[in-house]
Amino acid sequence: MGEEKKIPQLKSTKMLKEVMSKYFYELAEASKTRNKKIAWCTSVGPAELAISMGFLVFYPENHAAMMGANRTATEYIPVANAYGYSPDICSYLTSDIGAYLKRETPLKAYGMESVPKPDVLLYNTNQCRDVYDWFSFYSREFNVPIYGVNTPRNQPEVREDVVEVCARQMEEIVPHLEEISGQKFDIDRFREVLADSLKCSLLWEEVLNTAANVPAPATFFDHCIHMGPAVVLRGRKEAIEYYETLLQELKERVRNGIAAVPGEKHRFYWDGMPIWGKLRVLSNTFASLNSAVVVSSYCNSWVFSKFDPRDPFRSMARAYCSIFICQDDNFKERYIEEKVEKFKIDGIIFHDSKTCPNNTNCRYAMPQRLQERLEIPFLIINGDLNDLRCFSEEQTITNIEAFVEQLEE
Ligand code: SF4
(Lines give C-alpha, C1' and ligand atoms only; values in the text may rest on other atoms or scores of the structure.)
Protein backbone atom coordinates (compact mmCIF):
# COMPACT_ATOMS: atom_id res chain seq x y z
CA MET A 1 0.00 0.00 0.00
CA GLY A 2 1.15 3.56 -0.69
CA GLU A 3 2.19 5.99 2.00
CA GLU A 4 -0.43 6.93 4.62
CA LYS A 5 -1.70 10.45 3.81
CA LYS A 6 -2.65 13.23 6.17
CA ILE A 7 -6.19 13.99 5.05
CA PRO A 8 -7.35 17.55 5.85
CA GLN A 9 -10.43 17.56 8.07
CA LEU A 10 -13.53 19.59 7.27
CA LYS A 11 -14.22 22.28 9.89
CA SER A 12 -17.97 21.91 9.36
CA THR A 13 -17.84 18.47 10.99
CA LYS A 14 -18.23 20.19 14.36
CA MET A 15 -21.50 21.80 13.27
CA LEU A 16 -22.62 18.50 11.72
CA LYS A 17 -22.22 16.78 15.07
CA GLU A 18 -24.18 19.53 16.83
CA VAL A 19 -27.03 19.47 14.31
CA MET A 20 -27.32 15.68 14.40
CA SER A 21 -27.08 15.56 18.23
CA LYS A 22 -29.84 18.14 18.54
CA TYR A 23 -32.06 15.98 16.32
CA PHE A 24 -31.40 12.85 18.39
CA TYR A 25 -32.00 14.69 21.68
CA GLU A 26 -35.27 15.97 20.26
CA LEU A 27 -36.25 12.38 19.48
CA ALA A 28 -35.21 11.31 22.99
CA GLU A 29 -37.41 14.03 24.49
CA ALA A 30 -40.41 13.08 22.35
CA SER A 31 -39.84 9.44 23.12
CA LYS A 32 -39.86 10.12 26.86
CA THR A 33 -42.55 12.79 27.18
CA ARG A 34 -44.61 12.05 24.05
CA ASN A 35 -44.70 15.83 23.54
CA LYS A 36 -44.69 15.19 19.78
CA LYS A 37 -46.05 12.39 17.64
CA ILE A 38 -43.36 10.25 16.05
CA ALA A 39 -43.48 8.91 12.50
CA TRP A 40 -40.95 6.41 11.21
CA CYS A 41 -40.17 6.87 7.56
CA THR A 42 -38.08 5.07 4.96
CA SER A 43 -35.20 7.21 3.75
CA VAL A 44 -36.92 8.20 0.51
CA GLY A 45 -40.45 8.03 1.87
CA PRO A 46 -43.04 10.82 2.19
CA ALA A 47 -41.35 12.47 5.18
CA GLU A 48 -42.38 16.01 4.15
CA LEU A 49 -46.03 15.09 4.64
CA ALA A 50 -45.41 13.91 8.21
CA ILE A 51 -43.26 16.96 9.06
CA SER A 52 -45.95 19.32 7.79
CA MET A 53 -48.39 17.68 10.20
CA GLY A 54 -46.18 18.14 13.23
CA PHE A 55 -44.61 14.67 13.42
CA LEU A 56 -41.03 14.19 14.41
CA VAL A 57 -39.55 11.81 11.87
CA PHE A 58 -37.25 8.90 12.69
CA TYR A 59 -35.41 7.02 9.95
CA PRO A 60 -34.55 3.38 10.74
CA GLU A 61 -32.08 3.26 7.83
CA ASN A 62 -30.07 6.02 9.46
CA HIS A 63 -30.23 4.09 12.72
CA ALA A 64 -28.99 0.95 10.95
CA ALA A 65 -26.19 2.87 9.20
CA MET A 66 -25.04 4.12 12.62
CA MET A 67 -24.68 0.52 13.73
CA GLY A 68 -22.84 -0.27 10.52
CA ALA A 69 -20.46 2.62 11.05
CA ASN A 70 -19.70 1.72 14.67
CA ARG A 71 -19.44 -1.96 13.63
CA THR A 72 -21.94 -3.25 16.21
CA ALA A 73 -24.19 -4.42 13.35
CA THR A 74 -22.21 -7.63 13.12
CA GLU A 75 -23.30 -8.54 16.68
CA TYR A 76 -26.98 -7.88 15.98
CA ILE A 77 -27.45 -9.46 12.55
CA PRO A 78 -27.25 -13.06 13.89
CA VAL A 79 -30.02 -12.25 16.42
CA ALA A 80 -32.39 -11.34 13.58
CA ASN A 81 -31.20 -14.39 11.63
CA ALA A 82 -32.10 -16.64 14.57
CA TYR A 83 -35.55 -14.96 14.71
CA GLY A 84 -36.13 -15.91 11.07
CA TYR A 85 -34.79 -13.09 8.90
CA SER A 86 -32.35 -14.61 6.42
CA PRO A 87 -28.67 -13.55 6.39
CA ASP A 88 -29.19 -12.95 2.64
CA ILE A 89 -31.68 -10.10 3.03
CA CYS A 90 -30.97 -6.42 3.74
CA SER A 91 -28.44 -6.11 6.55
CA TYR A 92 -29.92 -2.76 7.56
CA LEU A 93 -33.10 -4.67 8.34
CA THR A 94 -31.31 -7.49 10.16
CA SER A 95 -29.01 -5.11 12.11
CA ASP A 96 -31.92 -2.95 13.16
CA ILE A 97 -34.33 -5.74 14.13
CA GLY A 98 -31.49 -7.70 15.76
CA ALA A 99 -30.55 -4.68 17.88
CA TYR A 100 -34.19 -4.16 18.83
CA LEU A 101 -34.54 -7.79 19.90
CA LYS A 102 -31.36 -7.45 21.93
CA ARG A 103 -32.61 -4.20 23.46
CA GLU A 104 -29.58 -2.31 22.15
CA THR A 105 -29.28 0.95 20.27
CA PRO A 106 -26.56 3.51 19.52
CA LEU A 107 -29.17 6.08 20.62
CA LYS A 108 -28.28 5.23 24.22
CA ALA A 109 -25.64 7.94 23.78
CA TYR A 110 -28.56 10.40 23.60
CA GLY A 111 -30.40 8.99 26.59
CA MET A 112 -32.71 6.60 24.77
CA GLU A 113 -33.17 3.08 26.08
CA SER A 114 -34.58 1.85 22.81
CA VAL A 115 -35.65 3.22 19.45
CA PRO A 116 -38.39 5.89 19.83
CA LYS A 117 -41.80 4.19 19.77
CA PRO A 118 -43.63 5.17 16.57
CA ASP A 119 -47.19 6.47 16.31
CA VAL A 120 -47.22 5.62 12.63
CA LEU A 121 -44.95 3.96 10.06
CA LEU A 122 -44.55 5.40 6.56
CA TYR A 123 -42.78 3.67 3.68
CA ASN A 124 -42.09 3.91 -0.01
CA THR A 125 -41.10 0.82 -1.97
CA ASN A 126 -39.21 2.93 -4.52
CA GLN A 127 -35.95 1.53 -3.10
CA CYS A 128 -36.90 -2.09 -2.32
CA ARG A 129 -39.52 -4.39 -0.82
CA ASP A 130 -37.34 -4.97 2.25
CA VAL A 131 -38.42 -1.68 3.77
CA TYR A 132 -42.04 -2.83 3.78
CA ASP A 133 -41.15 -6.11 5.52
CA TRP A 134 -38.93 -4.26 7.93
CA PHE A 135 -41.63 -1.75 8.91
CA SER A 136 -44.26 -4.51 9.04
CA PHE A 137 -42.25 -6.14 11.82
CA TYR A 138 -42.54 -2.95 13.90
CA SER A 139 -46.17 -2.47 12.98
CA ARG A 140 -46.89 -5.88 14.55
CA GLU A 141 -44.49 -5.31 17.42
CA PHE A 142 -45.86 -1.90 18.47
CA ASN A 143 -49.36 -2.44 17.14
CA VAL A 144 -49.25 0.80 15.14
CA PRO A 145 -50.57 1.48 11.63
CA ILE A 146 -48.39 1.36 8.53
CA TYR A 147 -49.13 3.37 5.38
CA GLY A 148 -47.14 3.83 2.27
CA VAL A 149 -46.53 4.29 -1.39
CA ASN A 150 -45.99 1.31 -3.66
CA THR A 151 -43.72 2.55 -6.39
CA PRO A 152 -42.78 0.29 -9.32
CA ARG A 153 -39.07 -0.32 -9.85
CA ASN A 154 -36.85 -1.00 -12.86
CA GLN A 155 -38.65 1.75 -14.77
CA PRO A 156 -37.45 2.60 -18.31
CA GLU A 157 -38.88 6.11 -17.78
CA VAL A 158 -40.85 7.98 -15.16
CA ARG A 159 -44.38 7.73 -16.50
CA GLU A 160 -46.95 10.33 -15.60
CA ASP A 161 -49.63 7.70 -14.92
CA VAL A 162 -47.31 6.11 -12.34
CA VAL A 163 -46.65 9.54 -10.80
CA GLU A 164 -50.41 10.08 -10.63
CA VAL A 165 -51.00 6.78 -8.79
CA CYS A 166 -48.18 7.45 -6.32
CA ALA A 167 -49.47 10.99 -5.69
CA ARG A 168 -52.91 9.55 -4.97
CA GLN A 169 -51.42 7.05 -2.53
CA MET A 170 -49.72 9.94 -0.72
CA GLU A 171 -52.98 11.88 -0.58
CA GLU A 172 -54.72 8.83 0.87
CA ILE A 173 -52.32 8.85 3.83
CA VAL A 174 -53.44 12.36 4.86
CA PRO A 175 -56.70 11.48 6.71
CA HIS A 176 -54.85 8.81 8.69
CA LEU A 177 -52.16 11.26 9.73
CA GLU A 178 -54.85 13.78 10.67
CA GLU A 179 -56.47 11.23 12.93
CA ILE A 180 -53.20 10.19 14.58
CA SER A 181 -51.85 13.72 15.03
CA GLY A 182 -55.18 15.34 15.85
CA GLN A 183 -54.09 18.09 13.49
CA LYS A 184 -55.85 19.26 10.32
CA PHE A 185 -53.81 19.00 7.13
CA ASP A 186 -52.72 22.44 5.92
CA ILE A 187 -51.67 22.54 2.28
CA ASP A 188 -49.76 25.81 2.75
CA ARG A 189 -47.68 24.33 5.55
CA PHE A 190 -47.02 21.30 3.32
CA ARG A 191 -45.87 23.62 0.51
CA GLU A 192 -43.53 25.37 2.95
CA VAL A 193 -41.97 22.09 4.13
CA LEU A 194 -41.54 20.94 0.54
CA ALA A 195 -39.90 24.28 -0.33
CA ASP A 196 -37.44 23.78 2.55
CA SER A 197 -36.78 20.22 1.46
CA LEU A 198 -36.12 21.45 -2.07
CA LYS A 199 -33.67 24.08 -0.77
CA CYS A 200 -31.85 21.44 1.26
CA SER A 201 -31.72 19.15 -1.78
CA LEU A 202 -30.33 21.80 -4.08
CA LEU A 203 -27.69 22.82 -1.55
CA TRP A 204 -26.73 19.17 -1.07
CA GLU A 205 -26.43 18.81 -4.85
CA GLU A 206 -24.16 21.87 -4.95
CA VAL A 207 -22.06 20.35 -2.16
CA LEU A 208 -21.68 17.14 -4.16
CA ASN A 209 -20.93 19.03 -7.34
CA THR A 210 -17.97 20.87 -5.84
CA ALA A 211 -16.14 17.55 -6.21
CA ALA A 212 -16.22 18.04 -9.99
CA ASN A 213 -13.31 20.44 -9.41
CA VAL A 214 -9.78 19.12 -9.79
CA PRO A 215 -8.58 18.49 -7.15
CA ALA A 216 -11.81 17.59 -5.39
CA PRO A 217 -12.39 19.41 -2.07
CA ALA A 218 -14.21 16.39 -0.59
CA THR A 219 -14.62 12.72 -1.44
CA PHE A 220 -17.41 10.15 -1.42
CA PHE A 221 -16.26 9.12 2.06
CA ASP A 222 -16.77 12.69 3.33
CA HIS A 223 -20.12 12.82 1.55
CA CYS A 224 -21.25 9.66 3.37
CA ILE A 225 -20.62 11.36 6.71
CA HIS A 226 -22.04 14.75 5.75
CA MET A 227 -25.22 13.43 4.11
CA GLY A 228 -26.90 12.92 7.53
CA PRO A 229 -28.95 16.16 7.51
CA ALA A 230 -30.04 15.63 3.87
CA VAL A 231 -31.54 12.31 4.97
CA VAL A 232 -32.97 13.00 8.42
CA LEU A 233 -33.50 16.77 8.47
CA ARG A 234 -34.67 17.60 4.98
CA GLY A 235 -37.77 19.76 5.18
CA ARG A 236 -36.32 21.53 8.21
CA LYS A 237 -34.38 24.80 8.46
CA GLU A 238 -31.42 23.21 10.29
CA ALA A 239 -30.48 21.21 7.19
CA ILE A 240 -30.48 24.34 5.02
CA GLU A 241 -28.27 26.22 7.49
CA TYR A 242 -25.89 23.29 7.71
CA TYR A 243 -25.42 22.89 3.96
CA GLU A 244 -24.95 26.63 3.49
CA THR A 245 -22.03 26.40 5.92
CA LEU A 246 -20.55 23.25 4.41
CA LEU A 247 -20.89 24.63 0.88
CA GLN A 248 -19.05 27.79 1.87
CA GLU A 249 -16.18 25.75 3.29
CA LEU A 250 -15.95 23.58 0.19
CA LYS A 251 -15.99 26.59 -2.12
CA GLU A 252 -13.19 28.09 -0.06
CA ARG A 253 -11.22 24.87 -0.46
CA VAL A 254 -11.75 25.03 -4.22
CA ARG A 255 -10.60 28.67 -4.33
CA ASN A 256 -7.48 27.81 -2.33
CA GLY A 257 -6.78 24.59 -4.22
CA ILE A 258 -7.10 22.46 -1.07
CA ALA A 259 -7.51 18.82 -2.05
CA ALA A 260 -9.36 16.23 0.02
CA VAL A 261 -6.65 13.85 -1.21
CA PRO A 262 -3.37 15.75 -1.37
CA GLY A 263 -1.56 14.93 -4.61
CA GLU A 264 -4.79 13.71 -6.28
CA LYS A 265 -3.94 11.82 -9.48
CA HIS A 266 -6.85 9.46 -10.13
CA ARG A 267 -10.57 10.08 -9.85
CA PHE A 268 -13.18 7.38 -9.34
CA TYR A 269 -16.93 6.89 -9.36
CA TRP A 270 -18.50 4.74 -6.60
CA ASP A 271 -21.61 2.78 -7.47
CA GLY A 272 -23.69 1.00 -4.85
CA MET A 273 -23.99 1.15 -1.09
CA PRO A 274 -21.20 2.41 1.18
CA ILE A 275 -19.44 -0.17 3.37
CA TRP A 276 -20.23 1.71 6.57
CA GLY A 277 -17.81 -0.06 8.90
CA LYS A 278 -14.90 0.44 6.51
CA LEU A 279 -15.24 4.05 5.36
CA ARG A 280 -12.02 5.09 7.03
CA VAL A 281 -9.99 2.11 5.78
CA LEU A 282 -11.21 2.62 2.24
CA SER A 283 -10.72 6.37 2.37
CA ASN A 284 -7.14 5.89 3.57
CA THR A 285 -6.44 3.19 1.00
CA PHE A 286 -7.54 5.34 -1.92
CA ALA A 287 -5.78 8.42 -0.53
CA SER A 288 -2.51 6.52 -0.10
CA LEU A 289 -2.72 5.72 -3.81
CA ASN A 290 -3.29 9.38 -4.71
CA SER A 291 -6.82 8.43 -5.69
CA ALA A 292 -10.02 10.23 -4.86
CA VAL A 293 -13.48 8.71 -5.11
CA VAL A 294 -15.31 11.87 -6.08
CA VAL A 295 -18.87 10.96 -7.00
CA SER A 296 -21.45 8.26 -6.30
CA SER A 297 -24.96 7.26 -7.22
CA TYR A 298 -25.68 6.72 -3.52
CA CYS A 299 -25.08 10.22 -2.14
CA ASN A 300 -26.89 11.75 -5.11
CA SER A 301 -30.02 9.81 -4.15
CA TRP A 302 -31.05 12.61 -1.78
CA VAL A 303 -31.17 15.24 -4.52
CA PHE A 304 -34.89 15.82 -5.17
CA SER A 305 -34.80 18.64 -7.67
CA LYS A 306 -38.27 17.80 -8.99
CA PHE A 307 -40.03 19.02 -5.84
CA ASP A 308 -42.36 21.89 -6.73
CA PRO A 309 -44.30 23.54 -3.90
CA ARG A 310 -46.92 24.77 -6.40
CA ASP A 311 -47.90 21.17 -7.16
CA PRO A 312 -46.85 19.45 -3.92
CA PHE A 313 -48.30 15.93 -4.13
CA ARG A 314 -47.59 15.29 -7.77
CA SER A 315 -44.10 16.81 -7.70
CA MET A 316 -43.22 14.88 -4.54
CA ALA A 317 -44.43 11.68 -6.19
CA ARG A 318 -42.43 12.53 -9.33
CA ALA A 319 -39.26 13.21 -7.33
CA TYR A 320 -39.59 9.99 -5.34
CA CYS A 321 -40.31 7.97 -8.50
CA SER A 322 -37.23 9.44 -10.19
CA ILE A 323 -34.53 8.25 -7.80
CA PHE A 324 -31.67 6.31 -9.36
CA ILE A 325 -32.42 3.01 -7.62
CA CYS A 326 -35.87 2.56 -9.14
CA GLN A 327 -34.86 3.11 -12.76
CA ASP A 328 -33.82 0.51 -15.32
CA ASP A 329 -30.24 -0.18 -16.41
CA ASN A 330 -30.44 2.04 -19.52
CA PHE A 331 -31.35 5.01 -17.37
CA LYS A 332 -28.63 4.17 -14.83
CA GLU A 333 -25.98 3.82 -17.51
CA ARG A 334 -26.86 7.20 -19.02
CA TYR A 335 -26.77 8.70 -15.51
CA ILE A 336 -23.33 7.25 -14.74
CA GLU A 337 -22.03 8.28 -18.15
CA GLU A 338 -23.03 11.88 -17.50
CA LYS A 339 -21.30 11.88 -14.11
CA VAL A 340 -18.17 10.23 -15.53
CA GLU A 341 -17.85 13.07 -17.99
CA LYS A 342 -18.71 15.88 -15.58
CA PHE A 343 -16.44 14.63 -12.76
CA LYS A 344 -13.57 13.61 -15.08
CA ILE A 345 -13.59 10.00 -13.92
CA ASP A 346 -10.76 7.56 -14.64
CA GLY A 347 -12.44 4.38 -13.40
CA ILE A 348 -15.61 3.02 -11.80
CA ILE A 349 -15.79 1.11 -8.53
CA PHE A 350 -18.83 -1.16 -8.27
CA HIS A 351 -19.71 -2.36 -4.79
CA ASP A 352 -21.36 -5.77 -5.02
CA SER A 353 -23.23 -5.57 -1.77
CA LYS A 354 -24.13 -9.07 -0.64
CA THR A 355 -27.42 -8.22 1.06
CA CYS A 356 -28.57 -5.35 -1.14
CA PRO A 357 -29.16 -6.56 -4.69
CA ASN A 358 -31.45 -3.52 -5.05
CA ASN A 359 -28.59 -1.10 -4.95
CA THR A 360 -26.00 -3.30 -6.65
CA ASN A 361 -25.56 -2.74 -10.35
CA CYS A 362 -22.75 -5.07 -11.39
CA ARG A 363 -24.65 -8.35 -11.64
CA TYR A 364 -26.17 -7.90 -15.10
CA ALA A 365 -23.03 -6.90 -17.08
CA MET A 366 -23.40 -3.15 -16.59
CA PRO A 367 -19.67 -2.70 -15.79
CA GLN A 368 -18.70 -4.44 -19.02
CA ARG A 369 -21.14 -2.38 -21.08
CA LEU A 370 -19.88 0.87 -19.54
CA GLN A 371 -16.26 -0.13 -19.97
CA GLU A 372 -16.80 -0.69 -23.64
CA ARG A 373 -18.74 2.50 -24.15
CA LEU A 374 -16.73 4.87 -21.96
CA GLU A 375 -13.34 3.21 -22.39
CA ILE A 376 -12.54 3.35 -18.69
CA PRO A 377 -11.82 0.37 -16.42
CA PHE A 378 -13.89 -0.88 -13.53
CA LEU A 379 -13.28 -2.73 -10.30
CA ILE A 380 -15.83 -4.81 -8.44
CA ILE A 381 -15.51 -4.82 -4.65
CA ASN A 382 -17.32 -7.62 -2.84
CA GLY A 383 -18.70 -6.52 0.48
CA ASP A 384 -21.80 -5.38 2.24
CA LEU A 385 -23.29 -2.23 3.71
CA ASN A 386 -23.39 -3.56 7.28
CA ASP A 387 -22.48 -7.24 7.38
CA LEU A 388 -18.70 -7.22 7.61
CA ARG A 389 -18.61 -11.01 7.42
CA CYS A 390 -19.05 -10.48 3.68
CA PHE A 391 -16.03 -8.21 3.34
CA SER A 392 -12.34 -9.09 3.21
CA GLU A 393 -10.24 -6.03 4.01
CA GLU A 394 -6.98 -7.56 2.88
CA GLN A 395 -8.36 -8.83 -0.41
CA THR A 396 -10.06 -5.51 -1.15
CA ILE A 397 -6.94 -3.44 -0.49
CA THR A 398 -4.93 -5.75 -2.76
CA ASN A 399 -7.54 -5.39 -5.49
CA ILE A 400 -7.63 -1.60 -5.22
CA GLU A 401 -3.84 -1.42 -5.35
CA ALA A 402 -3.74 -3.64 -8.43
CA PHE A 403 -6.47 -1.56 -10.06
CA VAL A 404 -4.60 1.72 -9.55
CA GLU A 405 -1.34 0.14 -10.65
CA GLN A 406 -2.98 -1.07 -13.83
CA LEU A 407 -4.34 2.43 -14.42
CA GLU A 408 -0.85 3.92 -14.00
CA GLU A 409 0.59 1.50 -16.52
S1 SF4 B 1 -32.16 -0.43 -0.65
FE2 SF4 B 1 -30.84 -2.06 0.06
S3 SF4 B 1 -29.89 -1.30 1.91
FE4 SF4 B 1 -31.62 0.03 1.48
S5 SF4 B 1 -33.27 -0.82 2.67
FE6 SF4 B 1 -33.41 -1.72 0.65
S7 SF4 B 1 -32.26 -3.65 0.71
FE8 SF4 B 1 -31.73 -2.41 2.51
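## First sheet

In this predicted model, four strands form an open sheet in the order S2-S1-S3-S4, and their pairing is parallel. The edge positions belong to strand S2 (56-58) and strand S4 (146-149); each has a single partner strand, so one side of each is left without a neighbour in the sheet. From one strand to the next, the twist averages 25 degrees.

Within this sheet, strand S1 (residues 38-41) and strand S3 (residues 120-124) run parallel and are joined by 3 bridges. Ala39 has Val120 of S3 as its bridge partner. Helix H7 (residues 160-181) packs on the sheet, where it touches S3 and S4. The direction of H7 makes about 155 degrees with that of S4.

## Second sheet

Another open sheet of 4 strands, also with parallel pairing, has the order S6-S5-S7-S8. Strand S6 (291-296) and strand S8 (378-383) are at the edges with a single partner strand each, so one side of each is left without a neighbour in the sheet. Direction ignored, neighbouring strands here are turned against each other by 30 degrees on average.

Strand S5 (residues 266-271) pairs with strand S7 (residues 347-353) in the parallel sense, over 4 bridges. The bridge partner of Phe268 in S7 is Gly347. Helix H15 (residues 366-374) lies across S7 and S8 and runs at about 160 degrees to S8.

## Packing of H7 with H13

Helix H7, which packs on the sheet containing S3 and S4, also meets helix H13 (residues 312-321). Their axes come within 8 Å and cross at roughly 115 degrees, and the crossing is right-handed.

On the H7 side the contact is made by Val162, Val163, Cys166, Ala167, Met170 and Glu171. H13 contributes Phe313, Arg314, Met316, Ala317, Arg318, Tyr320 and Cys321. By class, the residues of this contact are 10 nonpolar and 3 charged, with no polar ones.

## Packing of H8 with H11

Helix H8 (residues 187-209) packs with helix H11 (residues 237-255) at an angle of about 20 degrees, and the axes are 9 Å apart. Angles under 35 degrees count as roughly parallel, so H8 is roughly parallel to H11. The crossing of the two helices is left-handed.

The residues of H8 in the contact are Asp196, Lys199, Cys200, Leu203, Trp204, Glu206 and Val207. Those of H11 are Lys237, Ala239, Ile240, Tyr243, Glu244, Leu246, Leu247 and Leu250. The contact of H8 with H11 has 10 nonpolar residues and 5 charged residues, and no polar residues.

## Ligand surroundings

The residues around the ligand are Glu61, Cys90, Tyr92, Gln127, Cys128, Asp130, Val131, Met273, Cys356, Asn358, Asn359 and Leu385. This shell divides into 7 nonpolar, 3 polar and 2 charged residues.

## Backbone features in loops

Val214 and Pro215 are joined by a cis peptide bond, with omega about 0 degrees. Pro215 is located in the loop between H8 and helix H9 (220-226).

Arg71 is not a glycine, yet it has a positive phi of about 65 degrees. Arg71 is placed in the loop between helix H3 (60-69) and helix H4 (73-83).

How values were computed. Residues numbered from 1 in each chain as written. Predicted model: local features only at pLDDT ≥ 70, side-chain atom pairs only at ≥ 80, totals over all residues. Pairing = 2+ DSSP bridges. Axes fitted to C-alpha atoms, helices over the stretch in contact; angles between N-to-C directions. Contact = placed C-beta atoms within 7 Å. Near = placed C-beta within 6 Å. Nonpolar A, V, L, I, M, F, W, Y, C, P; charged D, E, K, R; others polar. Parallel < 35°, antiparallel > 145°, perpendicular 65-115°, else oblique. Left-handed = near helix turned anticlockwise from the far one by under 90°.
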